[in-house]
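Q: I'd like a close look at the salt bridges in this one. Please start with how the side chains are placed, then work outwards to whatever lies around them.

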2 protein chains.
Amino acid sequence: MARGANASARVIACCGAPGDRSLDITQATELAHAFAALSDPVRLRLLSLIATSRNGEVCACTMVEALDRSQPTVSHHLKVLREAGLVTSDKRGTWMWYRAVPERLAAVRAALG
Amino acid sequence: MARGANASARVIACCGAPGDRSLDITQATELAHAFAALSDPVRLRLLSLIATSRNGEVCACTMVEALDRSQPTVSHHLKVLREAGLVTSDKRGTWMWYRAVPERLAAVRAALG
DNA sequence: CGACAATATCGACATCTGTCAATATATCCA
DNA sequence: TGGATATATTGACAGATGTCGATATTGTCG
């Protein structure tokens, strides 16, 4: 479901790349989706909560409490993060536990240089 | 005019930071603005064109030709990139020349880890 | 000055996005 | 089985965003 998880396009030129061309439409659209997932304060705080958690995972219920948003809104944002491949979810009982995907974060970071 | 150019907030925990807390609302909003500037395919292609150019700068007229968008649209996107601090512009005669701001790109990249 | 060229701004419009209340779905427990 | 809890989905709506045509602004050159 996570789209663009295998993209390696870069905004700035890489270490003497052969072609050394700028992004084409497909690459740009793919990358734009990733950045769009990061372009909301609520989502950034969610991702931050998850990525900096002690045991590496956070229950959705915790996040609804932490952020000043309704439960449906938080659920929506978590879905966006998941579809962008930035987090994964694991349902255990009634609770939904979220984990960050460091490789995906690294991939997006790499696209910036 | 460029907002948030001095932010050093990170989504994931930094090298044993003292507080080790997640983003607050202010930091998250600031970062979100930066990512929002990167969340459009046209803007990514513009930034890519600029950042990978031979002499480090690109004339606006070149970009209007390169992308399949109207002149007002390209002008709008360049303005967004400029206000995000990702590029700078320099008017020489009738032409407007754009340059990337590597430090700003690095700062955004650093926020991802 | 006046014609031309490059860029920016304005106004309008369709689409996308964030938000919440209401509701549905899934799971646990008594 | 039935009630309670956690999460997801739906529907609606306001506000933001990308786009273009028309126009304004700025600078060059005869």
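A: First, a yardstick: a residue is buried under 20% relative accessible area, exposed over 50%, and partly exposed in between, using a 1.4 Å probe and the protein chains only. This is a predicted model, so local features need pLDDT of at least 70 and side-chain atom pairs count only at pLDDT 80 or more, while totals for chains, interfaces and linings use all residues. Numbering runs from 1 along each chain as its sequence is written, chains are lettered from A and ligands numbered from 1 in the order in which they are written, and side-chain values use heavy atoms, leaving out hydrogens and water.

Now the salt bridges. The rule asks for a side-chain nitrogen of Lys or Arg within 4 Å of a carboxyl oxygen of Asp or Glu, and over all chains that gives six of them. One of these pairs A:Arg99 with A:Glu57, at 3.5 Å from N to O. A:Arg99 sits in strand 3 (residues 95–100) of chain A and A:Glu57 in strand 1 (residues 57–59) of chain A, so this bridge joins parts that are 42 residues apart. (Helices are DSSP runs of H or I with at least four residues, strands are runs of E with at least two, and both are numbered from the N terminus.) The two partners don't sit alike: A:Glu57 is buried at 14% relative accessibility, whereas A:Arg99 is partly exposed at 37%.

Chain A also has a bridge between A:Asp90 and A:Arg92, with N and O 2.6 Å apart. A:Asp90 is partly exposed at 36%, and A:Arg92 is partly exposed with a relative accessible area of 36%. These pieces hang together, too: A:Glu57, A:Asp90, A:Arg92 and A:Arg99 are linked in a network of salt bridges.

Over in chain B, B:Glu57 bridges to B:Arg99, and the closest N and O atoms are 3.5 Å apart. B:Glu57 is in strand 1 (residues 57–59) of chain B and B:Arg99 in strand 3 (residues 95–100) of chain B, so the bridge ties together parts 42 residues apart in sequence. B:Glu57 is buried, at 14% relative accessibility, and B:Arg99 is partly exposed, at 38%.

How do the two chains relate? Superposing by least squares on the C-alpha atoms of residues with pLDDT of at least 70 in both copies, chain A lands on chain B with an RMSD of 0.0 Å after a turn of 180° and a shift of 0.0 Å along the axis. The copies are thus related as by a two-fold rotation axis. They also meet through the same surface, because 100% of the interface residues of chain A are interface residues in chain B as well.

Next, the core. A nonpolar core is a set of buried Ala, Val, Leu, Ile, Met, Phe, Trp, Tyr and Cys residues joined through side-chain atoms within 4.5 Å, and the largest one has 60 residues, with A:Leu44 and B:Leu44 making the most contacts inside it. A contact means heavy atoms within 4.5 Å. Leaving aside neighbours within four places in sequence, B:Leu44 touches several chain A residues, including A:Val11, A:Leu23 and A:Phe35, along with B:Leu38.

Finally, the DNA. A residue is near a strand if one of its heavy atoms lies within 4 Å of it, and 23 residues surround DNA strand C, with A:Arg69, A:Thr73, A:His77, B:Gln71 and B:Thr94 the closest. A polar contact is a pair of N or O atoms within 3.5 Å; within protein, one must be able to donate a hydrogen and the other to accept it, and residues adjacent in sequence count only if both atoms are side-chain atoms. A:Arg43 puts a side-chain N or O atom 2.8 Å from a phosphate oxygen of DNA strand C, and B:Ser75 has a polar side-chain atom 2.8 Å from a phosphate oxygen of that strand.

DNA strand D has 24 residues around it, and A:Gln71, A:Thr94, B:Arg69, B:Thr73 and B:His77 come nearest. Sugar and phosphate make up 70% of the atoms of DNA strand D within 4 Å of the protein. A polar side-chain atom of A:Tyr98 lies 3.1 Å from a phosphate oxygen there, and one from B:Arg69 lies 2.8 Å from a phosphate oxygen. Strand 3 of chain A, which carries A:Arg99, is among the elements giving two or more residues to the surface near DNA strand D.
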